[in-house]
Amino acid sequence: MRTVLTRTPLRISFFGGGTDLESFWSKYKGQVLSVSINRYIYVAVQKSVTPYYTLSYLDKCETVDTIDDIKHDIVRESLRLTGTDEKVSISIKSDVTSDGSGLGASSTLAVGILHALYRFKGKEISVEELARQACYLEIHILKQTIGKQDQYIAAYGGMQHISFLSDGTVELRRISNLAAIKNLESRLLLFHTGIGRKAGEILKEQNVLDESKANNLLLMASQVEAAVNLLEENKIDDIGKLLKDGWMLKKQLSKKISNVFIDELINRLFQAGAEGVKVTGAGGGGGILVFHKPGKANQIREAVKELEEYPFSFTMEGTQVLEAQY
């Protein structure tokens, strides 16, 4: 049976989040430092054995007559965008099942399903084109208030310094100091706050760019270059303070980014040996990333033992086709 299976990585964004929104990069240079991790979204596409489109994801299933009847918006619009007009069966699985993980899941899915559908049709497509089309799907077709970093890191993978220019161009520079990358990885832990949220609700408020927000985002963008320099020189110890400062800047962008529960968690983490902490993604819940002092990992885990830990490693690969049968 004709089958295609893709695997596309989730990500951790360290610095510059929010500067990838068009309201910012259309006026200033946006930039982020982001890395793909070994937690993935898998998309399997098969020729349907029934006269219907069938779709399974999380704990939901859909069986429908037409593309228009599909409720999952990214799946529906991906089928339209790729021109997939034959009946197919699509299965979506994720290594992270929590709602609103803050790890870029919706954009990862957009990249992964576009990749799978194009290969199902027998078409090779570049990672650059996958990223562009995923951005177009989410931002222009679905009118979501989101940035462009997640689609690009999902497509390309690795640790990337990504710049967003005012003409819409996206430039990527891969961080190549593997020793520094491994050192950074060894100092990080990732947990889930237990709070699900939709990034768009927070980003809509952040997207209204006044002078105060613009100044904060300019400072956050400058942190990217500082972090890249530290990585090139393998000065990992200074990353913690940058993360701490970045979180304080991010909190000022919207009152929805943090809350009493998150603030209390972060205080506990610092008391246990954290040197830098930030909520991943747009904020308000989802994941919480911890940069800790050497040898303090177990104390950190004990301090927030009620939270689910997401063990992870960095990965240098973006979206991949794991299986293709024709």
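Biologist: In which hand does α3 pass α4, right-handed or left-handed?

Modeller: This is a predicted model, and in it α3 passes α4 in a right-handed crossing.

Biologist: Which residues meet there?

Modeller: From α3 the residues are S106, S107, A110, V111, L114, H115 and Y118, and they meet L130, Q133, A134, L137 and E138 of α4. Sorted by class, the residues of this contact are seven nonpolar, four polar and one charged.

Biologist: At what angle do α3 and α4 pack, and how far apart are their axes?

Modeller: Helix α3, residues 105–120, and helix α4, residues 127–141, pack at an angle of about 120 degrees, and their axes are 9 Å apart. The range from 65 to 115 degrees counts as roughly perpendicular and anything over 145 as roughly antiparallel, and α3 and α4 are therefore oblique to each other.

Biologist: Staying close to α4, where is L142 found, and is L142 buried or exposed?

Modeller: L142 is in the loop between α4 and α5, the latter being residues 149–156. Its relative accessibility is 19%, so L142 counts as buried, given that the cut-off for buried is under 20%.

Biologist: And what is L142 in contact with?

Modeller: If neighbours within four places in sequence are left aside, L142 is in contact with D73, I74, R76, E77 and L137. L137 also belongs to the α4 side of the contact with α3. As for D73, it lies 69 residues from L142 along the chain, and the C-alpha atoms of the two are separated by 7.6 Å.

Biologist: Different helices now: how do α8 and α9 lie relative to each other, roughly parallel or roughly antiparallel?

Modeller: Helix α8, residues 211–232, and helix α9, residues 239–251, have axes that come within 10 Å and cross at roughly 165 degrees. Angles over 145 degrees count as roughly antiparallel, and α8 and α9 are therefore described in that way. In this pair, α8 passes α9 in a left-handed crossing.

Biologist: Which residues make that contact?

Modeller: On the α8 side they are N216, L219, M220, Q223, A226, A227 and L230, while α9 contributes I239, L242, D245, G246, L249 and K250. By class, the contact of α8 with α9 holds eight nonpolar, three polar and two charged residues.

Biologist: On to the strands, then: what is the order in the open sheet of four?

Modeller: The order is β9-β10-β8-β11, and the pairing is antiparallel. The edges are taken by β9 (274–279) and β11 (308–309), each of which has a single partner strand, so one side of each is left without a neighbour in the sheet.

Biologist: How many bridges join β9 and β10?

Modeller: There are five bridges between β9 and strand β10, residues 287–292, which pair in the antiparallel sense. V277 stands opposite V290 in β10. Helix α10, residues 260–272, lies across β9 and β10 and runs at about 160 degrees to β9.

Biologist: What about β3 and β4, and what does L58 do in their hairpin?

Modeller: Strand β3, residues 53–57, pairs with strand β4, residues 60–64, in the antiparallel sense over five bridges, and the bridge partner of Y57 is K60 in β4. Two residues lie between the strands of this hairpin, where L58 takes a positive phi near 50 degrees.

Biologist: Last one: where is S163, and what is S163 in contact with?

Modeller: S163 is found in strand β6, residues 159–164, and at 6% relative accessibility S163 counts as buried. Apart from neighbours within four places in sequence, S163 is in contact with K29, G30, Q31, T169, V170 and E171.

How values were computed: Residues are numbered from 1 along each chain as its sequence is written. This is a predicted model: local features need pLDDT of at least 70, side-chain atom pairs count only at pLDDT 80 or more; totals for chains, interfaces and linings use all residues. Side-chain values use heavy atoms; hydrogens and water are left out. Two strands pair if DSSP finds at least two bridges between them. Axes are lines fitted to C-alpha atoms, for helices over the stretch in contact, and angles run from 0 to 180 degrees between N-to-C directions. Angles under 35 degrees count as roughly parallel, over 145 as roughly antiparallel, 65 to 115 as roughly perpendicular and the rest as oblique. A crossing is left-handed if the near helix is turned anticlockwise from the far one by less than a right angle, and right-handed if clockwise. Contact means heavy atoms within 4.5 Å. Ala, Val, Leu, Ile, Met, Phe, Trp, Tyr, Cys and Pro count as nonpolar, Asp, Glu, Lys and Arg as charged, and the others, Gly among them, as polar. Buried means under 20% relative accessible area, exposed over 50%, partly exposed in between (1.4 Å probe, protein chains only).
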